Amino acid sequence: MGVHERDSRDRGPESVPAGVGLTTGEVARRLGVAPTTIRTWDRRYGLGPAAHTGGRHRRWTPMDVARLERMCALTATGIPPAEAARTVLGEATQEPAPARRAAPAPPEAAGEATGEPAGEAAPGRRDADVPPRPSVRTRSRAGSGLRLGDVRQECKGIARAALRLDASALDELLETAIAEHGLVAAWTEVIMPTLQAVGRKWESSGEKYVEVEHFLSWHVSGALRRGAPPTAADRPGATVVLACVPGENHTLPLEVLAAALAERGLPVRMFGGALPVESLVTAVRRTGPAAVALWAQSRTTASRPLAQHVAAMEWGVRGARRGPVVLTIGPGWTGRTVPGLPRPTGLAEAVAVLETVVSR
């Protein structure tokens, strides 16, 4: 918080024009906490906006947000909320040290790039001075050096909630992203970039953040199931079978594909991770699907012979036999393309291909 900002606070709350500043919901998405948490901190500890508007909805200025960021940082270290609030309010009333003002952080270093607790407001951080509009793209590191890159603002809040292992806030932020953007866009532009950032941090820190990756993945899986409509009823020859190849346990991409297909009213049979070859063949014969999507995360699990075997399967009476269209999906199939089999490169493309196959 800068010198001039503190001086303006010392003059007491002022009226601000309606529409200036962030709403409580926007602040919650930015900080990665539930809106109810912010309202509770306001009601119990007096951490609400210093200024007031003429309307019914409260607006948060950069100074107000900086105080909440400090509150998030303190509570993330295990300090009780009441004690953390006293500390934050005490800091806000202290006179700044003369002739000492931190220089603004460069754009590529904005945020906590040195392993500070998630949500802590470092001196001079850019996002405490100029709050970005919600749902816009911004380059940021969401605490503990997570490099998110050029992503939607929601990614930052989700990453912080995951780093704090805040289940309630994480569920609310994920469900809001799905409701606002739809399953496909929420996965592609919000959830997947955050998962990738956590994965990169885990790989580069000696498995320090494994619990964060597992925690985030579990809550994403739950949000996908809650956001998807009930499974569509079977239609002969219109079912889609989804399965990971043997030895592959990364099911989350298949879960979002299943949810997206259910959202479009397509019958889906999801078999999850590491389905043995014999079980996959049995499942295909029993369901007689229009399409089979085989997910492989790693090249070591992608099997061309398996994909070709499933694609060659047939059923039905002589003269009217049919078989499935087999899609090879996931990064494991890169460089291992099977001739004649669709190879969609993303979720939206996979959904489009399967919609086309089922509608034939």
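Biologist: Which residue just after α2 takes a positive phi?

Modeller: This is a predicted model. Look just past the end of α2, where phi is about 75 degrees. The residue there is glycine 32.

Biologist: Is helix α2 mostly covered or mostly open, and how many of its residues are buried?

Modeller: Helix α2 spans residues 24-31 and is mostly covered. The buried residues include Val27, Ala28 and Leu31. Glu26, Arg29 and Arg30 are buried as well. The count for α2 is 7 of its 8 residues.

Biologist: How do α7 and α10 pack: parallel, antiparallel, perpendicular or oblique?

Modeller: Helix α7 covers residues 154-163, and helix α10 covers residues 210-227. Their axes lie 9 Å apart, at an angle of about 120 degrees. Roughly perpendicular runs from 65 to 115 degrees, and roughly antiparallel means over 145. An angle of about 120 degrees therefore makes α7 to α10 oblique.

Biologist: What class of residue makes the contact of α7 with α10?

Modeller: The crossing of these two helices is right-handed. From α7 come Ile158, Ala161, Ala162 and Leu163. From α10 come Val212, Phe215 and Leu216. There are no polar and no charged residues in this contact, and the 7 residues are nonpolar.

Biologist: Which residues touch the most other members of the largest nonpolar core?

Modeller: That core has 54 residues. Take leucine 261: beyond four places away in sequence, this residue touches Val240, Leu242, Leu266, Val268, Val351 and Leu354. The residues touching the most other members are Trp187, Leu216, Val220, Leu242, Leu257 and Leu261.

Biologist: How many residues are in the other core?

Modeller: This core lies apart from the largest one. Among its members are Val292, Met313, Trp333 and Leu341. Its size is 20 residues.

Key
Residues are numbered from 1 along each chain as its sequence is written. This is a predicted model: local features need pLDDT of at least 70, side-chain atom pairs count only at pLDDT 80 or more; totals for chains, interfaces and linings use all residues. Side-chain values use heavy atoms; hydrogens and water are left out. Axes are lines fitted to C-alpha atoms, for helices over the stretch in contact, and angles run from 0 to 180 degrees between N-to-C directions. Helices (H or I, at least four residues) and strands (E, at least two) are DSSP runs, numbered from the N terminus. Angles under 35 degrees count as roughly parallel, over 145 as roughly antiparallel, 65 to 115 as roughly perpendicular and the rest as oblique. A crossing is left-handed if the near helix is turned anticlockwise from the far one by less than a right angle, and right-handed if clockwise. Contact means heavy atoms within 4.5 Å. Ala, Val, Leu, Ile, Met, Phe, Trp, Tyr, Cys and Pro count as nonpolar, Asp, Glu, Lys and Arg as charged, and the others, Gly among them, as polar. A nonpolar core is a set of buried Ala, Val, Leu, Ile, Met, Phe, Trp, Tyr and Cys residues joined through side-chain atoms within 4.5 Å. Buried means under 20% relative accessible area, exposed over 50%, partly exposed in between (1.4 Å probe, protein chains only).
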